[in-house]
Structure formats: structure tokens, C-alpha cells
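Got the model open in your viewer? Let's walk through it one selection at a time.

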Amino acid sequence: MNHDHHTGRDSGPAMGFNRRSFLKAAGFTLAGVMVAGCERQKVDKAIPFLVKPEEVIPGTSTWYASTCGGCTAGCGILIKNRDGRPIKIEGNPEHPLSGGGLCATGQAMVLSLYDSHRLQKPALRGKPALWDEIDRAVTGQLEKTRREGKTVRILTSSAPGPTALAAVAKFLTAFPGAKHIRYDPLSASAIADAHQQCYGRRFIPHYRFDRSGVIASFDADFLGTWLSPVEFTRAYRSGRPIDGMTPSMSHHVQIESRMSLSGSNADRRLVARPDEQYRLLLRLTALVDREAGRTPAVPDPGPDPRHEDEMRRLAALLNTARGNSLVVCGANHLPSQLLTAYLNHTLQNTGATVDLDAPSYCRTGSDAAVAELMAELDSGGVGMLIVWDANPAYDWPGDGAFAGSMKKAGMSVICASHEDETSHEATVVLPKAHPMEEWDDAEPVSGIVSVRQPAITPFGDTRSLTDCLHRWTGDTISDLEAIKNWWRAAFFPRRNTAADSFDTFWNDAVYRGFVRVNPAPAPLKPFNTSSLGPCGESGPRGGELVLEFYPTVALLDGRHAHNPWLQELPDPVTKIVWDNYASVSPATAAGNGLHRGDIVHVGLDGASLELPVVIQRGQADGTVAVALGYGKMGTDRFSSVGPEWFEGVRTVEPGELVGKNAGPAREFRDGYLANWRTVREFRGTGSARRLAATQEYDSLRMPAGLAPPDEERRPIIQETTLSAYLASRSAGSFPKPEIHTIWPDEYRFPHHRWAMAIDLSACTGCSACVVGCQAENNIPVVGKDEVYRNREMAWLRIDRYYSGEDGDLSVAYQPMLCQHCEHAPCETVCPVLATVHSDEGLNQQVYNRCVGTRYCSNNCPYKIRRFNWFDYSHGDDMQRLVLNPDVVVRERGIMEKCSFCVQRIQEVKIRAKEGRRPISDGEVKTACEQSCPAQAIVFGDLRDPESRISKMQSGPRMYRVLEETGTAPSIAYMTLVRNRGEEGGADA
Amino acid sequence: MPDVVSEIRRPLIGGNKSYGEVTREVCAPLDRKSSAAWWTTLSAALAMLVLGVVAVTYELRTGIGTWGLNNTVGWAFDITNFVFWIGIGHAGTLISAILFLFNQKWRTSVNRSAEAMTLFAVMCAGIFPVIHMGRPWLAHWVIPYPNARGPLWVNFRSPLVWDMFAIGTYFIVSFTFWYVGLIPDLATIRDRATSKIKKALAGFFSFGWDGSNRTWQRYETIYLLLAGLATPLVVSVHTIVSWDFATSLIPGWHTTIFPPYFVAGAVFSGFAMVLTLMLIVRRVLHFEDYITLHHIGAMSKIIIATGGIVALAYATEFFVALYSGNEYERFTFVNRALGPYGWAYWTMVGCNIGVPQLLWLKKIRSNVAAVFVISLLINVGMWFERFVIITISLSRDYLPASWASYSPTTIEIATLIGSFGLFFTLFLLFSRFLPMIAIGEVKGILRYGRSNGKEAGK
Amino acid sequence: MSRRLLVATFGDERDILGATRRARESGYSILDVFTPFAVHGLDAAAGLRPSRLPWICFALGLTGAISKLWYQIWTSATSWPVNVGGKPLNSVPAFVPVTFEIMVLFAAVGTVLAFLIVSRLRPGRKPAVIYDRTTDDRFALVLVQDDAGFDADVVRTLLEPFGLLEMSERIEDPPERSPRGSFLIRPVFVALSAAGLIIFAVLTYLTPRDFTEPNLLILPGMVNSVPYDPFSADKNFPDGKTLRAPVSGTIARGFYPIDSSKSEEEATTVRADFGKLSADRQREIDELAAGVYSTFCQPCHGTSGAGDGLIPQHGYPPPPALTAENALKLEDGRMFNIITFGRGNMPSLGHRISREDRWLVIRHVRQLQHTASGGSGP
Amino acid sequence: MNNRVLGIFLGAGLLLCLTIFLTSYANNVRLPGNNEGYEPVQPIAYSHRLHAGELQLACLHCHSDAGRSRNAGIPTMQTCMDCHKFVTAPILDIRAEDRRAAEAKEKPKRIVSAELHKLYAAMGLDDQLRPEPGAVPRAVGWIRVHELPDFVYFNHGAHVSAGAECQTCHGAIETMERVRQVSDLSMGWCVNCHRGSNATGVQGRAVAAPTDCSGCHF
């Protein structure tokens, strides 16, 4: 296996002294070039198919509908295949849940496919083995277990789909006493258990943000990482239509401690420590009940003076919006979830915004069951432990706790994609196929069943869970057949289409990627109010610090830690890459004398963490927030990411991991993996670590003492409130600048005039577009040091600006990419015509003409140009398979930037030309537009007066950034409208 | 015999020299063996040069990333050095051309070495636009030559293309000017050379000059023409260099006063550098009679004048920013003075406005050591002026999200040192192998300020 | 023809001025005056007319400016007009700086070249030094004898008051023209031409003339593809090539499995779709259909569909005529399946002809059948 | 030696070298980077002259993706076999064998030409077109002749559907035994064709051939 992630192109290591680089050095003198600069062009082989399948046309893309395997949300995807291999993942626009969008993680999955560090072959007791040997060992052990009267346990994530679950069920029947335990490190166990208590069935309801007029979220980062963020983002956005005839916006109140993605988008944000939130929830419940003229179902904890006004306002709003409001809670805390369920029930939201009949299956895990499993393991009663797609040794509380218990099992069989903490300790290690390599299915929400079809034959010698379990019970059936069989039995009878034969039903499902069937009938008991019971949790813990754990939008629970695109994706809020850190509020930092980057020691009962500090505005005082998913085994591979030169600093030192694993520091409390716990010790260690962020300055407000009077705030983002907007559609608009030009306007754009509009009200800052752009345009990963030096390569960045005071902080996101200015300042200054305007309004960057003066970038007021400071590597030979063959990989010394995905424009134009037809509106979609779950980006042709873009660009909210400089950008931004609530008044 | 000194005009050349003495004395450094001091200085200069060559080679091999630049600050040391060196170069042309046109006879003692300084400074300057390119091996694409690409030309609207033409023309014309002036002196060397090699070389390069009156007449004509051409040229060159910034739209760059501001600054820094060099040369090569206190005083006065223009420019910039009502522009200037790079700004102001004021005092003007220190400080200040304009303006421009800071790497500092190494190496070689003072021209003014020329011939 | 020269030397610029003036006034013809520096007034004293070099300078400057301005306008607005930042193609104000620079360059360099030419100065030229201290501290007046009354003593008397230092007479032979090839044997030239020849030879040697091999490439930036080309070799896969076949059972967008039993249904839809097209579009479609037929079918089935293509004449089993009875009866859907999957000796063409084109071919075959059965046109 | 003689001698030598160079390599010398004239030996001596010339097969008959893809495509091995499962040798050879067999009154033998033998071997077949035991079919690795630098995007489909003849760029392929690159494929060559086509149209139809940079470079 190639452990050198950072090998250069075929000509050897990119930074080493090879012939080519010498030539470049010698390239000055003509003689140097003439004598030494010549190399013979490669003799290229051209190897055709033996027999060509109809659907693979070399040089063109073929699309496969499938289901994303990045998390368990089960979004619909379209896989772009080129020459028979996937090169990009996009959202499936027809999918009922996710629509056409897809999150950053999902899109980055395509890179994981070409990860040469993935396990390729099974291993038995640390040695590579053949499947036959594995089968023999496993079946032998199973037999032995049965003989000895021990039990069999299967531990999986929530990932296994209906067919795999059926296979598991069948397998379990063969072994009496066997159990299937599901474990989600980002657990929603308490939600399911709360509904068990309230409705008599364990499930997570399907929350419908699109139908909600008032959303109260207690620490649920539903736009970022909670349950099904893509679906929720899309729904959230469709609940805020402000451009229609009757503008309306849902009102979103977020009660949270750290600055989450959802919180940064909330209309109102209440800062409360995690240990205070239950009290607030109780208070809200009491207020809602009182408002409705009922006796509170729960004891009223009394008002909290800091939040009382907001709580009363919220209670009133929720009551007015009965059946149209939604309360969600992210805490993995049963009493909180019971209250949430009660609130939704009493507000008559069930059946409207909370769908109980077609529940969500995306997180079915139970924390208590895992704890129980560990106890069984410790008792020595487990003869066989099969772990599939879970890494409890990494993320279950207690350092080495699970691994220790696991060793006591008669045999442990672990299936993992990489060598990880759990597989490290296992008897049998099975390579896990990438979700794009095998047949699978999924049912993220009852009644929405989707197929996962493989887009390439597996690289490794892998088997699916279904296949293994079948074989170990003596069955041999292909995955495809198994799925078809199960579908014939389970879903075909529930079909609600006219499909007359199963083949049609199946083919349609595979073709479209999903099929809707009638939800499985799920009888519920009426709401059991008594289940609310005694509300145990004590109140806030006073002066103590609490440590809060959260997943990042990129790595989630750490399953994507091997993906360099995601490691280098800036956190939407902190903009930090390649690290996790202890985030604290400015007051807490000041109180402890800490500065950004100082390493702190966080002492806990039985665990400790040492992390660099990040001072985060808008965070609750007295809390420390740490991201999960870092410090994963094997991430020392990234030590060679980025250029090597004598002042360069490695992304991670050899042997060091990316970030610190906070998982074992978590606490299993009252039957749940708690989101937070109390800190015993918090102090600086005196050392510091440099953190690489893509943004140095945080605010539109100029630094103190430097701003000329009345010019403290830069007019970059237009924002207003809903009430002001309703009064005047042009509320918040900057004065329209007068543009004077001495030049006649002689360019007419005869064919097309491409342009883009970005709705700041819709953008949540989720960064899906950033990865979409990276995948589409072959943007290299540059490493931590380069980001630290402000040399990130992302063509599209999301600027994040804070405004207002720390207590009531507003956040604005602004996707910033090449504005394709009609009067582009970059073009005028390029000496060699490497950046010029096309007759379709594009600002073209011609890489092969660029000599790299960087003048264009200096002269760009938006600073969206990116320079190849080094020969950035695109990974090893395997990773190169992901590159888009339609976009050239830039060598060092070349300027690059957003091209408006010109390759996609050209492709559509050529297709239209071949079909001798015009291009229709919306046919050309840029990668960022395509990926946006919130549909905040619209691209199109301004020459077509009926196009969406023409309408948007003439709308009242439209403005252009830095229009007064006379650059005439092609990108229009739409005013950010916040629904601050009627009494909220104007914002800062 | 006591020299009769004019009441009004003091002689430009001290020591009451005869023509022969001038020849002998100016050629003396060429005749004698190189001194230990020369060797020491040359070794130091060569060491700096080697350091620079190593740094540049490393940069070319590895990438521009070895400089401290980033997405926001795309130019810093590289273009600062470029403008600095171009500015240095301007004094040479100014002394040889403008002072010639204004009939300033005192220029003859310094014009040769000032012109040489121009050439070497332009060479140093010319390196930076090439090595700052990401793909310098394609630098020839800036030249509009017919090609097989369509043909694809260059962008004549780009100030970098203007630069290429301006610097190219400037170098060629300055070289021509310098070389034309050198031809009669090379003939002198040829005619008095004792070694065969020297005679052959001087003979080859003196083009067969024989001092014919007819040739002298044409020579004078073209010298005047060249001076007439070089004067607008030197103004145009730094104007064009300033347009690199003035035609852009970055606050702090986009300013109409840049051309005069840059030209004045260039003259200011150039004279400072001429002073620095002349004071060393005077001391080391014993040219006290040729480069007199009068010369130093005259140059000091020019420095005061141009320094005043520069100070006015600094003030005007702030006024323009304030008066523009443009918030980006205003912020840029407040940020210059009070922002994170304020120290660079105040270094610049101190060295360029504060220090030259000392030259008002005659006592300081006639103190060689003091003038030397002041000239050095002005060079430092003028380097910082370009750094302030280029780097600080870039580091905080329009969108606060893209603000970034900059700090140089070892490679950049080594490259700067290397450019000084190249400059001094070339200058030292020049001082050793060519006459530092225009022999013919000095002879022409030898009688200046003396009542009787008869003695001069003796 | 040799001539007699009289060389008088002086030590000061005033002396030479006076002496020259006197000699000229006295009617002597002055060959030249040699001085170590430019002596003011000497040209007038020697009776020289002002130089015409300024005119040359002016002309060259004008030429440079006009040609460069034209060149910029031509390259920017005519040769390849490109929209640069929305500025007009002919942005004359932006062309001024370069125009100016080239004007100065032409004027300055051209004037100096002109000076060198008219003064006969060139590298390596041997100076015609009359008196070797004229480049140091002596001034020499050279008179040439042009009539019989040239008396050295008279001249000496004439010049004595001007501090004449020395006076000598010499006979000057007419300058012998150096032989034409002389500079060709200078070591420098020999070395240069030898170096040139060697470089030439090396380049010639290095230039690949074996056309079965690819040519040389200088600094191949971004020439070789970093992403994999469809047909390139690829070590990532066991079969060593990049092209992958899809996993069986998968269904790609646009490639819904062809169900033989439903083909006729689909054919009906396609026929209906064609029917909806305008007459113009129909004609266009017919052309396309004929094109597809001639590409894929004609080689065997022949132009008229009779089965008389060139391929059967070269050893391939002849196909049945498309105009035969059983072909007429063939349903469209069935025909589609035959094209897709092949039948008998006919190979499968599904992977070569797109689905739309297959329907087009059927349309064309129907027209051929129509024509063959005596119909005229579709 | 007389200077003049030596000079003349040297000058003449130089001229001679130049003349030899220019005349003998006039058609052979290419500037680096220009692959005009490249004519590699292919693993199977497939003759375009025979197939495209004599048999008048349309280019797209085998390169069937040229009209719908970026790459014209190398025909699959199966495409060869479509015909060559019947045609195993030149028709004259087969006829000769038929005649010989008729004279000798025996069944004509199957004749397999040397080049087709290579095809069958690649397909894992023996000369009777039966699968060779143990042989794995492997696609032939042809040598690529026309190759643009990676920084140029060229789409065959766009050109074919616009009506451009294959021969415009590839030359008279139907006359070549072995394929040779006949154009220098330089940027100027491309752009001038685009300009010309925009001015005159292609096959009577107006076309919009891009002359923008991003028509080809991205």
C-alpha cells in the first residue's frame, strides 16, 4: 500500500530536485532550454474496450441514481461516471427528501472511493487471509458459540438498509439469544426513547421544517449536522419564501450554547449553557401550557431573568402558531426530549410539522443497548461479536473501554473501511466496501425507499454485510438478488405506483434512485402525558465550566477523517481547517488569560483533553466546546500533505494525528451519551499551537481606532428585517452608486450573457458549494501550512461576518467567488492576455497562457483569485482517478479562479449543438448552484428575459458587491432578510 | 603657481590639475594593482550575490510559495525591490541628462559613475519582474512577437507591458548614453595602455576613436540629442512604474498624484544612492579633487528639494483620501499610519521627511560622514515607502474577509541582499576596470572658474 | 595617391582654437583637428557645418512612434480583437506609453547608430591616430597639402604665437582597403562560427527525425494529462486500462433497460413524436437519418437497402434485402431490437448507434422500402 | 593561407551545412512540441486505406462516438470482430484458396492473415476462431497518434455535428496505410479554421465556432 499520500505526478516527487524542476530553474537561458529543456513527448497507449457497453461512451459522462452513504440521512444522489468510474456526486433533483442539493460530506465521498489507505483484503488475527479462511473461522466460532451456549452480538451503525436488516434478522433467528445493537456516535437515542415512552413505539419522527412557521430549536443544529441536514436545509428554505407575491418567513429561535451553523442562521439566538437549557425548556413548557389556559404539565422552574422575556415571547408565538410550529431539541437527554415531544403534541404539531406516521429511520441506535453490550462482553458471555460500520473503540466514552471489553468476546469480527481503533483490536478484520462500490438499499424515512447501485466494481476484495451474513448461515446469493428478493417481498406489495410487474417497479426504482411506497403501518398509542414523569435533571451548575461535544459539518463523527477535502473544508463558523480546538467565549478566555492558539488542559473525571483555544464570539460563557471526529487513527498519513520546503510546516508532524479525539472524554450519563459534561480543571499549559483559518478578520466593522467617523461598517452585505422588508421591498438597500465611465460600451454579447444571483437570505453557510466546486474543478488540497499562510485554493469561499454585540450576535454568510465583472479590473492589467472576457460575459482565465505575475489578483477587489504557489499535488495515482478530465490540472506559477464552470457550459452548448436546439433556462448549472441544498444560487443567461436569473437580477433585493468601484459584476446578491419577530424592531 | 580664482565661480575641479594629471589620476585605479580594500569589498559583495543567486535558484525550483506572499498580498518584497532599484537608477540619468541640459557643469565629475549606477540598478530592478513571475521561463510572452498561436499578441493596456517597454527602452538608452560617453575615455585608455591585452580590449571597444574634431562635433550633437531624449524618458519610466499602481483600483494605489510623486521619490532616492556611492568612491579612490564638497552640497540641495516634493506628496495623499469621501481610501491611509504596519510607515516618514531636514544646515552638508549617514537613511526610507504603498495597501483592501497579513521569508530577504550584492559587485568591477570619471568631460571644464587656462596645459 | 600632411600640436584648448582659426583664415586646408575633449568653437573655427544628425533623430523617432502606434492598434483591434475588461478594442490612450517609449528607443539608438556609421566608428576599428597624445593632453592640427605653395616654415611662423609645441610633416599613403575576407579569420569570428556550427550540429542531431517516435517537447507544462484519459493505461485496475465496464444490473440515466416486449410501445411513442415535428424539422431529421444509415448500414445493406454493400463483396455473408417482404412486415420495435442486439450474422450495434439514431435508421429504412415499392418520397 | 580564401571557405562550409540540413530534412524537421508527421508503428498494421478508402466505410462506422463524445474513440475489439469473424483474410487470398480447393476438390481451408491473427490472439481465439484455452482476451494497446496538450479541450462531437469533415484535421486518412499526423495542431491552425468557418460557414450552414479562450481552454 502506498503510504506516501503526497507523491507528485508521474515524474516523481513534486518538490524533489527532478529534471523538470531543474529545467525550470535553468529555463531562463535560451541555451538552457534548448539543450536541457527538451524531453520526448510521452508515447501514449490507447486501449479500447474489448466489448463496449452501451452506456459507457468514453469521454462523456454517464449518470447513475443512487443513495448517499456519507451519513445515514440517505439523500438521493446522482453519480457522474466518466469512462466507467465515478468522478463526482451530485444531489438527485427528483429525490423527495434532499432534492438536488447535497452536503459537503456527501459530495466529498467520491474522493474517499479513491483512498489507497482503504482496507483491501480481509485479515485474520492480524494476517491477510482469504475469504474462505475467514468464513471457516467465523462459522467455526459461530458453531462453537452455539455449542457453548454463548451469545452472538451484531453491532452496527444505523446504516444497514432494509435488506441488510432483513439479513441480520434472518441471521439472528439462526442463533438463539443473538441480538442486533445499533449504535450512533452522534446519538439521537433519547429522541427515540422519548417517543417510546410517549407513543409506545421507539422512533424518531420526521420533522417537517417546510411546514413550520415558528421553529424553536434547543441546541439542535438541524442545518449543520442534526439527523438529516440537507433535507432540513431544503425544507427550512422552502418555509421562508420571501420573493413571492406574499413574502413570508418562518421565525427561527435557536437556544444554544456554542455558535452552531443553525444558530448563526437563526432569526433570534438565545445563548444558554447546555446545563441551563433543560430549565428553559421546562419554563417554556409551563408558559405554553399557561398561555393555552392549562395547568402546566410539568413543574415550573420559575423565570430565568436573562431569558424570561424571550421565553414569554416564544411561548406566545408558539401558541399562536399551533399546528404550524415546531420544537426540536438536540440534547441526548431523555427529559428534554420528553418535553419536546410534549410541546409538539400540545401545540398540535403532530401530524403537521411532526410526522409520526412515516417516521425517520436515519438514527435508530440506542446508547443503553451499547452499554448493555459492554456489560455482556465483560461478563464473557459473548461468543461472537460482529461490528459493522461502527468504531466504538474510538468514540465510546472511556479511553480503551470498548476495546477492553471487546477482547473478552470469543471472537470479534470487525468490518471497517480503514484500519481503525476498533479493528486494531479485532480477531477478524473485514474490508468495508465504499458505498459506491456495492449494491445496497436504504429507507431513511418510512415509505421512501432508495437503491444504492454501485458505480464501479470494488477496488478491494470486499463483501457486503448482507453477503457475509448469508454466507455464514449457508446461503449464497448475490447482493443484487438479495435486495431484489427483499423488495419483491417487502416493498412491491406496498407500491403506490401503477407498476404492474416487479421488474418495472425495480427498474424504475434503480433508474430514479428511489421509490415511494406506502409507509409501513405503525400503530401508535395516544400521547402518554404521564410519561413526562418526574423531571430529574438538576439545574445549572453555577460557576463550573461545562464541556460540550459537537460534530463538525465536515467530519461528522469522524468517519470522514481520511478525506482531505473535508479536513481542509473551513468550519462554517470558525473557518478553521485541519484541527479541532476548545472553543470558549471571549469572557471565559479573558477570565483564564487565554489567547487564540494557547493550548489548554481540560480536566474531566477520568479523562482529560489538551487542545488549542479558539475564542468564539456568541458562545455561552462558562462553556468549552470541542468537536468530535478528530484524532482518528491513520490521520498521521496527512503529514505529507502540502508543499515541502525549508520554511514549510507539516500539516501534522509524523506520528501526530489530525486534532484530538474527544470521543472517549464523553460521558455516558443516565443511559445516554451526554452532549456535555462538567469540567473539573481548565487551565492553560503555556504552550501554543498555530491554527490555520481562511479568514483573519471577522467583521464588517472596521478595527477600533482605524475607522474614519461614520464609516465603521463596510457596505458589503445588505441586510434588513422582515418587517422593514414588508414595508418596502428595497429596505436595507445601499444607495445606488453613480457609475461614470469614459469608455463606450461596445460589447453586446451576441449569444449568451451568463450571470449568477446569490440569495443571502437562503444561504446558510453550510459549505456544500465549496466542496462541489473543489470536486468539479480539480482544486488541490494544499495543507494546513498553506492555509495558515492565506493561500487556500478554494475558488469559492464563504465569507462570514459577525455584527452586533456578543450577547446578540448576528452572523451573515456571503459566498464569494469570481464576480465575472463586465469591466474586470484583472483583465486590464494582465500583460499576456491570460485573463480576458468572452463574448458570453465570462471572465476567462487561460491557464496555459498565464505567466503568473499575480497583478490580476492584486487588482481584484474581491480577492477571489487563487495562485499556484507550488506544484500542489493531487495525491497518488489512485486519487488522481477522481479528477475531472474536462478541467486541466494547473501547474505551479499559474493563477486560477472560478470559471463559472465553463466546462459545464461548454458541455451543454455542445449537447444543444448536437441536438440542433437552443439551450433552455436552468440547463446549465454550475457545480455550486447544483450542490446548494437551500437553492441560494441561481445561474443563467441574462439574454433570455424570461430566465430565472433575469427575473432575480431585476428584483428589488438585488445588489452588487462593490458596485461603486465600477467593476460591473455579473453576480448579484440578494439582501439578507431576517425575521427578527414583530416586536424585535430593527436590527443593529 | 597660485591659481587665480574667480570671484563669482569657484573651480569645479580642485587641485589645479593639468590635462595630463586628470588622465593619470582618473586612470590610476585602472593602472595600479587592486587594493586589499577592493578585494575585501568585492568578496563581501560577491558573497551577497551568491546568497541571492542561491535564494533565487531555490525559489525558481520550488515555487513563488517560498516567498511570504499570499492570496491577498500578491506583491511585496519583489515589486518593492523593483521600484526601489528603478528609483535608484533615475538619479544617474538625471545627472547625466537633465543636468546636462541645464548646463550644470559640476555633473561631469559624477555623471559617469551615476550612469553606471543607473545601469546596474536597472539590472537589479529588471531581475524582479522576471523572477516574480510564476512561470518565468515564459517571460518572453510579454513581448509581442509573431507566433503560431493565432497569432496571439499581448495586452497593450497592461501597465506591465508598458513597464516591459519602458524598462527595456530605459536600459538600452541608458546603456547607449553611458557607452557613447565612454568611447573617448576608452580611446584614452587604449593610447596609454602598456599591456597588450588592455590595449586590444580598449582598442576593440573604443571603436577606433581618434579625437577628430568632426567626430567630436557629431558626438556633441548626439550627446545633446540623447540628453534631450533621456530626460523625458526618465520621467516616463517612473511615471509608467507608478501607473502599475495608479491604474489599479486598490485603495492606496489608485491615486492620480503617483507619477510626479514617484518621479520625485526616484530622484530623491537616486541622489541619496549617488551620494552614498560617491562618498565611498571619493574616499577609496582618492577623488577628493574631483568630487568636492561643492558636489556634495549641490546634491544635498537636490535631496532637500526632492525630499520636500516627497513630503508634499505624502501630505497630498492623505488630503486626497480625506477629501475623496471614499471610505475605503480613507481607511487605507488611517490604516497605513495606525494599523499593524504603522512602524513601516513611520520609518518611511522619519527617514524621508525628518532626516533630510538636517541638510538645511551647511555644517551638516559639509560634513561628509553626516551626509553619508543621511544618504543611507534616505535609502532605507525610500525602500519602506514602496513597501508601505505596495504591501500595506494590499493587506487590507475592500472585503474585510480577505484581509491578510504578510511577513517576508528568508528567501525574500536573501533575494534583497542578493540584489545589493549584484549592484555592488558590478559597481566594484566598474570602478576597477573603467574610468569612474568622464575624463574628456572633466578636461572640458578644467578651466572653468580659472582666469588663465595656459597653466592647464603645462 | 599619397599626400603630405603637416601636424602641429598644442597644449591648450585656447591655442588650438586660435591656431585653427588662423590656419583657416590663411587659406590652409585643414584635414582635421584632434583634441582630447570637445573644444567649444573648434568646429566653427575649422569651418565645419552643423551636423544633420538631429534630422535623422527626428525622423527615426517619428517612424518609431507611428509604427508602434499602428502595431498596437492593429494587434489589439484588427489582428485578434479581444474584449479586455470592457475597454474598447482601440484603447488609444492606453497605447500612448508604449508609443512614447518606442519613439525614444528608435530615436536614441538609431541616432547613435547613425553617428557611428557616419563617423566610421565600429568595434575593433583601428584608429587613424596621427599623434598619440591627442587622447590625453595634446591638441593636434592637421593640415593637408593641396597646392604647391605649402611651406612648413610659413606654417610654423603662422602657428608659433599659439604656443605651438611641435610640428612634423608626414607622408600619408592612401588607406589600403583591408582585404574583404580579413575579419573572417579573426579568432573571435572563427570561434563564434565554430560554436555556431557545433550548436547547429548538436541541434540537428537532437532533432528527432524518426517519425515513428514522438517529437521533443520543451518544458511540458500541463501538456500531459494529470486526470486519466479515457484510453490511457492505468495501473489502478487489474486489466491495466482506464476504461471500466459498469457493474451488471446497474441502470444509468438515459439507458433504461430495453424490454423487448415493450419495444413496439416505445416505437409508437417515437413515431408520434416525429409526427409532431414541423416540416422543416422533418426534412432535417430525414437528412440525419440518411446520414446514420449510410454510416452504419450502407456498407452491408447497400444504398438502396438491397443488401449489395461493399462489405459482402469482400467475404462477409450477404444480408437479406431490407426491401424484402419479411422486412416490410417487421415491426418498428422489432427492428429496433435487431439493431440493438443483432440477429444472425448481423452484429449488435447498440453500443455504436445511440437510441435516437436507431429510431432514425428505422425511419430511413421505411423510406427505402417505400421507394422500393414504387412510392415516391416519404 | 590567403585570408580571402579561408573566409570564402568558411562561409561556404556554413552554407553547405545549412543547405544539407534544409534540403535533406526539410520535411523532417519539426520545432519541439510540434508532432506533425508523427507516424508510429501500430501493434496491428490496420490499414485505413483499405477500410476507409477501398471499402468506403464511413469514419463513424467504427469511430462511432466521434459524433457524440469528446473523444472520437478507439473502436472496441468487438467492432473489429463484427466483420472479421467472417472475413479472416484479404478477399483475393480467400478467392485464391477457393480456386485452389476447387481444383484440388477439397474443402477450402480457412486462411488467416498475419495481422488478423494478432487480432484473434488478442481476443483469445485461435485461427479457427475458437477460444484458446487459458487465454485471457486483452484489448490491443494502440499507439495514440493525435494528441492535444491537456490544456486544450477538444470535442469531436461538436465538430462532427457542426459538419466538419474528419479529413480537415486528420488529412486523407482513407489513403494512409499507417496513420500519420498531417496537421501541426497548433493554436493558430485551430483558430484560423474557426475564423474561416465563422466567415464562410460549414457545408452551407452558418456556424458559431468559438474564438474565445474558453472555447478550448479551461
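Select B:Gly87 and show what surrounds it. Skipping its neighbours within four places in sequence, B:Gly87 is in contact with B:His238, B:Ala266, B:Ser269, B:Gly270 and B:Arg386. Keep in mind as you click around that this is a predicted model. The glycine sits in helix 3 of chain B, which covers residues 77-101. Is B:Gly87 buried or exposed? Its relative accessible area is 0%, so B:Gly87 counts as buried, the cut-off being under 20%. Now add B:Gly265 and draw a C-alpha to C-alpha distance: B:Gly87 and B:Gly265 come out 7.2 Å apart in space, although 178 residues separate them in sequence.

Next, stay with chain B but bring chain A into view. Colour the residues where the two chains touch: 71 residues from chain B and 73 residues from chain A take part in the contact. Together chain B and chain A bury about 6,000 Å² between them, and carbon and sulfur atoms give 58% of that area.

Which charged pair should you zoom in on here? Pick B:Asp78 and A:Arg854, whose side chains form a salt bridge with an N to O distance of 3.0 Å. Across this interface of chain B and chain A there are three salt bridges. If you switch on polar contacts, the count between chain B and chain A is 40 residue pairs, both partners at pLDDT 80 or more.

Now colour chain B by helix. Several helices each supply at least two residues of the side of chain B that touches chain A, including helix 2 (36-62), helix 5 (159-192) and helix 14 (410-433). Which helix gives the largest share? That is helix 10 of chain B, with seven residues. By residue type, this side of chain B splits into 38 nonpolar, 22 polar and 11 charged residues.

Time to move to the other pair: hide chains A and B, and show chains C and D. Here 60 residues of chain D meet 54 residues of chain C. The buried area between chain D and chain C is about 4,600 Å², with 64% of it from carbon and sulfur atoms.

Two salt bridges cross the interface of chain D and chain C. Select C:Arg352 and D:Asp82 to see their side chains meet in a salt bridge, 2.8 Å from N to O. Polar contacts between chain D and chain C involve 15 residue pairs, again with both residues at pLDDT 80 or more.

On the chain D side, highlight helix 1 (3-25), helix 4 (77-84) and helix 9 (187-200), which are among the helices that each supply at least two residues of the side touching chain C. Helix 1 of chain D brings the largest share, 11 residues. The side of chain D that touches chain C divides into 29 nonpolar, 16 polar and 15 charged residues.

For the last stop, bring all the chains back and look inside. The largest nonpolar core has 339 residues, and A:Phe900, B:Trp85, C:Phe10 and C:Leu141 touch the most other members. Its largest share, 17 residues, comes from helix 5 of chain B. Centre on A:Phe900: beyond four places in sequence, the residues that A:Phe900 touches include A:Trp754, A:Met756, A:Leu842, A:Phe939 and A:Ile971. Then jump to a second, separate core of 58 residues, where A:Ala272, A:Val288, A:Val354 and A:Phe527 are among the members.

Methods:
Residues numbered from 1 in each chain as written. Chains lettered and ligands numbered in written order. Predicted model: local features only at pLDDT ≥ 70, side-chain atom pairs only at ≥ 80, totals over all residues. Heavy atoms only, no water. Contact = heavy atoms within 4.5 Å. Buried area = accessible area lost by both parts, 1.4 Å probe. Salt bridge = Lys/Arg side-chain N within 4 Å of Asp/Glu carboxyl O. Polar contact = N/O pair within 3.5 Å; in protein donor to acceptor, adjacent residues only side chain to side chain. Helix = DSSP H or I, 4+ residues; strand = E, 2+ residues; numbered from the N terminus. Nonpolar A, V, L, I, M, F, W, Y, C, P; charged D, E, K, R; others polar. Core = buried A, V, L, I, M, F, W, Y, C linked by side-chain atoms within 4.5 Å. Buried < 20%, exposed > 50% of the residue type's maximum accessible area, 1.4 Å probe, protein only.
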